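The following note is offered for a colleague at the bench who has the structure to hand. It proceeds point by point.

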Amino acid sequence: MNPSYAERVHLQLNFQVDVCFLGKESMMIKVLLLSSLLLISISSGCAGLTSAFIRNEWPSVDIPLNNDVFAVPKGYNAPHQVHITQGDYDGKAVIITWVTANEPWSNIVRYGLSEGKYDFSAKGTVQNYTFYNYKSGYIHQCLVDGLQYNTKYYYEIGSGETSRNFWFQTPPAIHRDSSYKFAIIGDLGQTYNSLSTLEHYMQTGAQTILFVGDLSYADRYDNHDIGVRWDSWGQLVERSAAYHPWLWSTGNHEIEYFPHLGEVIPFRNFLHRYPTPFSASKSSSPLWYAVRRASAHIIILSSYSPFVKYTPQWKWLEQELKKVDREKTPWLIVLMHAPIYNSNQAHFLEAESMKVVFESWFCHYKVDVIFAGHVHAYERSYRISSIKSNVSSYPSSDKSAPVYITVGDGGNQEGLANRFRDPQPDYSAFREASYGHSTLEIMNRTHAFYHWNRNDDGKRVPTDSFVLHNQYRGDSHRRRKLKRDSI
Ligand SMILES: [Fe+2]
């Protein structure tokens, strides 16, 4: 008899707990559970879990512009839409961005080690732009560099009565055992579900967001309102992004190729508003780049820029992967927008071309995990690749392969992708069409805790959890063991 859904979830979660964390007695229990699970898996013939839980607490409509969540601070020319991102390769700099509505005013960021006491300053730049008949506010960008690791900085922007104060925390130094907690959000938009995801993230204690593309969904509006909805989204995320760095990757909703409006340069709104530290990793484009943070090397790819052999993105990635030093940053994480393993009807096989071009590198360099969005649901794969079969529709188990995780469930106005392909393919470990976000808590060079948190009735509910074993350390451990055993 097949187990119930709840029994299978319980067993699967136990299966995924690392036995090295357990005492002898509980380890015996876990081993028994593991044996049961293996038997159940074989007898049921079921590779993974398709959760029956579907909840759409609010309709997938955008929050009205007159809602308080979009309110611009009072006062003439007050800075708003404040957000920060990493400003260099190794986490000792931030780029601070803000908008003033009426005039450029000051480009200066004043900052220091205690609130209200700003001993240092940095000067940035300001620009504005038009998009069809929309004219943006004055967008300020300022690099604050030369920071100390693991330090809380306070900063002030603006002038006089309408100046505003925020803070950020720099990461620990680059080191193989530096612990750090990331969150992963994708396809966020600006609905009540988006706000719920954002507020749940803010309860997790995570320190940096890995954003997997599709930010504002402003491109679903017409004409002038496209720019207006980029502004409202900037105001929505300020509650987090002014304090915690968001590392940006782009999705199809950032392309905004609109010949009927005379707007034919892709990514224009994104590029004017959300700077990335691309030159620090010798990238030629803000759309693909890499940073190192604590014990992680994070590579951001652009699904909607050329990536086939000999293109700038392909050449850059080839060089960047060679630079990864797993002794210093044992965790190798890749972000992209379109998932290259996906068993949802939505966007099925859409990223096959990127799989063909990059999958062998992901396995060769033992990427730990690849996060994507695009599909408005959650899905996690086992470690699989299509390299051996050379037929992408039939991947097989591959210990060198990354875990693929789709987190396109931020809550945008297009709604959930709730039609999964049936039966669930063998490579798919867990899938559910609900809104939510993920966290990845790196503990040391060998282990990280992963959670997918479903939005549920206003509470954050951890739903899919497992211990991620580092691919590089695991492999070198296996090599050492092989050598020792062969003596
Ligand atoms: Fe998308």
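1. Pairing of β2 and β3. In this predicted model, strands β2 (residues 80-86) and β3 are antiparallel partners, held by five bridges. Within this pair, His83 stands opposite Thr97 of β3.

2. The other neighbour of β3. Strand β9 (residues 138-144) also pairs with β3 in the antiparallel sense, here over seven bridges. One of the matched positions is Val94, whose bridge partner in β9 is Val144.

3. Burial of β3. Strand β3 spans residues 94-100 and is mostly covered, with seven of its seven residues counted as buried. Both of its faces are covered. In a regular strand, side chains alternate between the two faces of the sheet. In β3, one side carries Val94, Ile96, Trp98 and Thr100, and the other carries Ile95, Thr97 and Val99. Thr97, the residue opposite His83, thus belongs to the second of these buried sets.

4. The four-stranded sheet. These strands form part of an open sheet of four strands, in the order β2-β3-β9-β6, with antiparallel pairing. β2 and β6 (125-127) stand at the edges; because each has a single partner strand, one side of each is left without a neighbour in the sheet. Direction ignored, neighbouring strands in this sheet are turned by 20 degrees against each other on average. At the β6 edge, three bridges join β6 to β9, and the two strands run antiparallel. Thr125 has Gln141 of β9 as its bridge partner.

5. Helix α4 and the sheet. Helix α4 (residues 224-241) lies across β2 and β3, and runs at about 60 degrees to β2. Many of its residues are buried, including Ile226, Trp230, Trp233, Leu236 and Val237. The buried set also includes the charged-type names Arg229, Asp231 and Glu238.

6. Geometry of α4. Does the length of the helix agree with its residue count, or disagree? At 1.5 Å a residue, the 18 residues of α4 should span 26 Å, and the end C-alpha atoms are 25 Å apart, so the two values agree. The helix nevertheless bends by about 25 degrees at Gln235.

7. Helix α3. This helix (residues 192-201) is mostly covered, with eight of its 10 residues buried. The buried residues are Asn193, Ser194, Leu195, Ser196, Thr197, Leu198, His200 and Tyr201.

8. The eight-stranded sheet. A second arrangement to inspect is an open sheet of eight strands in the order β1-β23-β19-β22-β18-β17-β16-β15, with mixed pairing. Its edge strands are β1 (49-50) and β15, each of which pairs on one side only. Inside this order, strand β17 (residues 331-335) and strand β18 (residues 369-372) run parallel and are joined by three bridges. Ile333 stands opposite Val369 of β18.

9. Surroundings of Ala294. Ala294 is placed in the loop between β15 (289-293) and β16 (296-300). Why does Ala294 count as buried? The reason is its 25 C-beta neighbours inside 10 Å, where the cut-off for a buried residue is 20 or more. Leaving aside residues up to four places away in sequence, Ala294 touches Pro171, Pro172, Ser178, Tyr180 and Ile442. The C-alpha atoms of Ala294 and Lys328 are separated by 9.1 Å, and these residues are 34 apart along the chain.

10. The β24-β25 hairpin. Strand β24 (residues 436-442) is joined to strand β25 (residues 447-456) by seven bridges, and the two run antiparallel. A hairpin through four residues connects them. His437 has Asn453 of β25 as its bridge partner. Ile442, a residue of β24, is also one of the residues touched by Ala294.

11. The chain overall. The chain contains eight helices and 26 strands. Of its 487 residues, 44% count as buried. Among contacts between residues at least 6 apart in sequence, 71% join residues at least 24 apart.

12. Confidence. The average pLDDT of the chain is 88, and 85% of the residues score at least 70. Over residues 1-46, by contrast, the pLDDT is below 50; this stretch has 29 contacts in the model beyond near neighbours in sequence.

Technical notes:
Residues are numbered from 1 along each chain as its sequence is written. This is a predicted model: local features need pLDDT of at least 70, side-chain atom pairs count only at pLDDT 80 or more; totals for chains, interfaces and linings use all residues. A residue is buried if 20 or more other C-beta atoms lie within 10 Å of its own, exposed if 12 or fewer, and partly exposed in between; C-beta atoms are placed from the backbone. Two strands pair if DSSP finds at least two bridges between them. Axes are lines fitted to C-alpha atoms, for helices over the stretch in contact, and angles run from 0 to 180 degrees between N-to-C directions. Two residues are in contact if their C-beta atoms, placed from the backbone, lie within 7 Å. pLDDT is the predictor's confidence in each residue, from 0 to 100. The expected span of a helix is 1.5 Å times one less than its number of residues. The bend at a residue is the angle between axes fitted to the seven residues ending there and the seven starting there.
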